[in-house]
Amino acid sequence: MGKVIAVCTSPAKGTEKHNVGTAELVEDWGIRGDAHAGKWHRQVSLLSYDKVEDFRARGAQVADGAFGENLLVQGIDFRALPVGTRLRCGPVELEITQIGKECHHGCAIFQRMGECIMPREGVFARVLAGGTISVGNELTVEEG
């Protein structure tokens, strides 16, 4: 079980996301108003808050959403979950569709730190059932 620490969106691709506190997730689309929403397999991005805190402990000064993550969640190691895992937050149901991504080495974090954790720690999901997610909500990993 995890706790939602930040709900982040951005109006344009290639920019950092910002914590908006609450967002509406639309079935088979993603977060309403987020540039990465659409009919594809990477509708929502998730990152473990614990991994971000480890990165910050190494000197990175990064705000919530800086890695392009939509949901920053404490208590779940997303990288350890297989593709197909389902996650639930109230009425919202997500299915992990991709683990990690190719890094283009041009992001601001990589330029400052020499590495970026999103390519290896971040996961992507599609929205199976919509609803609202807010900071402080519980996110659970659904069994089988």
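**Figure 1. Asp28 in the loop between β3 and β4 of the predicted model.** Asp28 is partly exposed, because its relative accessible area is 32% and so falls between the limits of 20% for buried and 50% for exposed residues. The structure shown here and in the following views is a predicted model. The loop that holds Asp28 runs between strand β3 (22-26) and strand β4 (30-31). Although Asp28 is not a glycine, its phi is positive, at about 55°.

**Figure 2. Overview of the fold.** The protein contains three helices and 11 strands. Read from the N terminus, the order of these elements is β-β-β-β-β-α-β-β-β-α-α-β-β-β. Of the 144 residues in the protein, 47% are buried. Among contacts with a separation of 6 or more, 69% are made by residues 24 or more positions apart. The accessible surface amounts to about 6800 Å², and carbon and sulfur atoms contribute 49% of that area.

**Figure 3. Surroundings of Asn70 in the loop between α1 and β6.** Asn70 is located in the loop that joins helix α1 (49-57) to strand β6 (71-74). With a relative accessible area of 1%, Asn70 is buried, because this value is under 20%. The side chain of Asn70 makes a polar contact of 3.4 Å with the side chain of Asp34. A polar atom of the Asn70 side chain also lies 2.9 Å from the backbone nitrogen of Ser45. Beyond its neighbours within four places in sequence, Asn70 is in contact with residues including Ala6, Val7, Cys8 and Thr9. Lys17, Ile31, Gln43 and Val44 are also among the contacts of Asn70.

**Figure 4. Gly68 in the loop between α1 and β6.** Gly68 is placed in the loop between α1 and β6, and Asn70 is found in this loop as well. Along the chain, Gly68 and Thr15 are 53 residues apart, while their C-alpha atoms are separated by 7.4 Å. When residues up to four places away in sequence are left out, Gly68 touches Lys17 and Ser45. Both Lys17 and Ser45 also appear among the contacts of Asn70.

**Figure 5. Ser10 in the loop between β1 and β2.** Ser10 belongs to the loop that connects strand β1 (2-9) with strand β2 (18-19). Ser10 counts as buried because its relative accessible area is 1%. The side chain of Ser10 reaches the backbone oxygen of Ala12 at a distance of 3.3 Å. Apart from residues up to four places away in sequence, Ser10 touches Thr15, Glu16, Lys17, Gly33, Asp34 and Ala35. Asp34 and Lys17 are in contact with Asn70 too.

**Figure 6. Phe78 in the loop between β6 and β7.** Phe78 lies in the loop between β6 and β7 (86-89). Phe78 is buried, because its relative accessibility is 0%. The C-alpha atoms of Phe78 and Glu121 are 7.0 Å apart, with their positions 43 residues apart in sequence counted as the separation. Not counting residues up to four places away in sequence, Phe78 touches Leu46, Leu47, Ser48, Val73, Leu87, Glu121, Val123 and Leu139.

**Figure 7. Thr140 in strand β11.** Thr140 is part of strand β11, which spans residues 138-141. The side chains of Thr140 and Glu142 form a polar contact of 3.3 Å. Outside the residues up to four places away in sequence, Thr140 touches Met1, Arg86, Leu87 and Arg88. Leu87 is also touched by Phe78. Thr140 and Glu93 are 47 residues apart in sequence, and the distance between their C-alpha atoms is 9.7 Å.

**Figure 8. Charged groups over aromatic rings.** The charged end of Arg42 sits over the ring of Phe124, at 4.3 Å from the ring centre. In a second arrangement, the charged end of Lys13 is placed over the ring of Trp40, 5.4 Å from its centre. A search of the whole structure for aromatic pairs finds zero.

**Figure 9. Cys8 and Cys89.** Cys8 counts as buried because its relative accessibility is 0%. Cys89 is likewise buried, with a relative accessibility of 2%. Zero disulfides are found in a search of the whole structure. Cys8 is among the residues in contact with Asn70.

Note on methods. Residues are numbered from 1 along each chain as its sequence is written. This is a predicted model: local features need pLDDT of at least 70, side-chain atom pairs count only at pLDDT 80 or more; totals for chains, interfaces and linings use all residues. Side-chain values use heavy atoms; hydrogens and water are left out. Rings of Phe, Tyr and Trp (its six-membered ring) pair if their centres lie within 6.5 Å; planes under 30 degrees apart count as stacked, over 60 as edge-to-face and the rest as tilted. A charge sits over a ring if NZ of Lys or CZ of Arg is within 6 Å of the ring centre and within 35 degrees of the ring normal. A disulfide is a pair of cysteine sulfur atoms within 2.5 Å. Buried means under 20% relative accessible area, exposed over 50%, partly exposed in between (1.4 Å probe, protein chains only). Helices (H or I, at least four residues) and strands (E, at least two) are DSSP runs, numbered from the N terminus. Contact means heavy atoms within 4.5 Å. Accessible areas come from the Shrake-Rupley method with a 1.4 Å probe; for residues, only the protein chains shown count as cover. A polar contact is a pair of N or O atoms within 3.5 Å; within protein, one must be able to donate a hydrogen and the other to accept it, and residues adjacent in sequence count only if both atoms are side-chain atoms.
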